[in-house]
Structure formats: structure tokens, C-alpha cells
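Work through the exercises below with the coordinates open, and try each task before reading its solution.

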Amino acid sequence: MEKNTISRRPATLLVMAGSDPCGGAGLQADIRVAAALDCYAMGVVTALTSQNSCGVIDVWPLDSEKIKAQVTPLIGDAPIDAVKIGMLGNCETAAVVARLLDEIGCCNVVVDTLLKSTSGACLFDGGGGGAFEQVLRRAKVITPNLPEAKVLLGHDIVSLEDAARELGDRYGGVSVYLKGGHGGGDEVTDCFYNAESGSLFSMTNSRVDSPNTHGTGCCLSTALAVFLGSGISLNEAATKANLFVNRALREGRRYVMWQGHGAAFVRREE
């Protein structure tokens, strides 16, 4: 009888995020990204939504006990190399997720600080403090965009570098990937603050003119979590996540499939 060949297992990712029925963002996008990067994803739903490419129609956060009931059986069943936190919805969900992160005990936690959707719909009704802060303090990296960073800091952003460092210090020494896509100009600059080394660096790309930008923040934070779970260093993971999303935007701009903001095109890397 031929013996089974045992190879190195894939990295595993636990995602806790909202469900996006149109597949552009949320849990569905997170699983697409993980698969494209040869990572095995486990998905826990934190909220249900009614939405399409034109916008979010309604949001229904799940009861915290139902979220806990999804996560608890997974702990210890398989290794968890990284955790991605997406939409939380409200303070009750944030509080239970913070406790679950303690139980999971994974160090590679990436939190996408989702406060509003691309279309402007509110995705968290508790502001930027309290239980939400406890989730941020348990992260290895947080990935705010410029409007979210402004809310979290409570003041306007003059310098990407200063804002990223201030956010890192405010939330207990967390690393910060500050996304600059909401800024103006023909170029987009993201800033990464590595709290472990105290270093800062910027990543600048030409702005991609594309109607298909829905879920790019989800894709970036998930790619970052996958790379960290694969054993890649913080700086390299941030750089690779930046390149991954930029490629998804460039390759997706030629598709006309949706009535509104379509999804970035995520495919398996060569």
C-alpha cells in the first residue's frame, strides 16, 4: 500500500466578520483572499447585512452568545495561525470578541477598524471607545483608513506618520497600517508603523482608476493576517499586502459586472 505523503500544512486563519451577500467585502471576501494565498480560512459571522454593489441597505448584528457559540468549538480543534477581525457592529459584539481573543491566544491578530462602509453606512454603533478599544488593544496590527483614524484619534490628520505612531501608542503599542486611499491626488500613500521596532515606512502607488473598489480594506487586512500567520515579518507582511491589493485593483478595473462599486479582482498568485 502506498504511504500518504505528509507535506507542510497550510497556514490557518480564523475570520470574525460580517456577511456580505454580494461577496465583495466581509467574510466572503476574506475567504476568497485566504484561498488565493493558499491559506485555510475558518469563518465566524458577527453580523448579517442586506447590501449590494450600490450600498448597504440594513445591518443585523448577531447576538453575542451566537458569536461565542460559533467560535468556542473551533478553539483547539485546529491550529489558528492568525485571526482577522472585521465588522463588529456594536459594543456587545466587541466585548465578546475581546474575550474570545483571550481564549484563542493567537498573537497574529489583525483588526480592520470598520466604522463605515464604502457607501457611508454605519457599521459600528458604539463610536471608537469602550469595548471596541479592548479589541484594538489585543491586535498585533490595526488597519484604519483616514476617516477611521480621524474618529479614533479625535482630531484631524496632518501627517500620516504622526497619526500612525499616535494610534499605535494610544492602543497599547499596536502596529498600524494606515491606509491613505481617501486622500486626494494621483498617488496613494499608505503608512506602516511597526510598533515592535518603532520604525515607520511609506508605500506609494499610482491611484488605480477603477469602479471596482468594494472590499479593498477587507482584502488588505486579510492578506496581512495571512502573511503574518505564514511566519512573515511585520514589515514584509505589510509590503506584500500592499502589493496584493494594488494588483487586485489593477486587474479588476477591466470588469463591468456590477451596477455600483464592484469587488476588487482577487485571484491565486502565480
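A salt bridge is here a side-chain nitrogen of Lys or Arg within 4 Å of a carboxyl oxygen of Asp or Glu. The model is predicted, so local features need pLDDT of at least 70 and side-chain atom pairs count only at pLDDT 80 or more, while totals for chains, interfaces and linings use all residues. Residues are numbered from 1 along each chain as its sequence is written, and side-chain values use heavy atoms, with hydrogens and water left out.

**Exercise 1. Find the salt bridges, and state for Lys150, Lys84 and Asp102 which residue is the partner.**

Solution. Step one is the search of the whole structure, which returns eight salt bridges.

Step two takes Lys150, whose salt bridge is with Asp156, the closest N and O atoms being 2.9 Å apart. For accessibility, buried means under 20% relative accessible area, exposed over 50%, and partly exposed in between, with a 1.4 Å probe and protein chains only. On that scale Lys150 is partly exposed at 42%, whereas Asp156 is exposed at 51%.

Step three takes Lys84, whose side chain meets that of Asp30 in a salt bridge with an N to O distance of 2.9 Å. This pair links distant parts of the chain, since Lys84 is in strand S4 (residues 82-85) and Asp30 is in helix H1 (residues 26-36), 54 residues apart. Helices (H or I, at least four residues) and strands (E, at least two) are DSSP runs, numbered from the N terminus. Lys84 counts as buried at 1% relative accessibility, and Asp30 is buried at 0%.

Step four takes Asp102, which forms a salt bridge with Arg138 at 3.0 Å between the closest N and O atoms. Asp102 lies in helix H3 (residues 91-104) and Arg138 in the loop between helix H4 (131-137) and strand S6 (141-142), so the pair ties together parts that are 36 residues apart in sequence. Asp102, at 47%, and Arg138, at 29%, are both partly exposed.

**Exercise 2. Decide how many disulfides there are, and explain why Cys39 is not in one.**

Solution. A disulfide is a pair of cysteine sulfur atoms within 2.5 Å, and by this rule the count comes to zero. The sulfur of Cys39 is 11 Å from the closest cysteine sulfur, in Cys106, which is too far for a bond. Cys219 is likewise in no disulfide, the nearest cysteine sulfur being that of Cys218, 6.7 Å away. Cys39 counts as buried at 9% relative accessibility, and Cys219 is buried at 1%.

**Exercise 3. Identify the buried residues of helix H2 and what they pack against.**

Solution. The buried residues of H2 (residues 64-71) are Ser64, Ile67 and Val71. Seen down the axis of H2, they fall within an arc of 60 degrees (taken from the directions from the helix axis to the C-beta atoms), so they line one face of the helix. An α-helix has 3.6 residues a turn, so residues three or four places apart point the same way. The face turned away from the buried side carries the exposed residues Lys66 and Ala69. By contact (heavy atoms within 4.5 Å), the buried residues of H2 pack against strand S1 (12-18), strand S2 (40-52) and H3.

**Exercise 4. List what Val33 touches beyond four places away in sequence.**

Solution. Val33 is in helix H1 and counts as buried at 0% relative accessibility. Not counting residues up to four places away in sequence, Val33 touches Cys219, Thr222, Ala223, Phe244 and Val266. Val33 and Leu220 are 187 residues apart in sequence, with a C-alpha to C-alpha distance of 8.8 Å.
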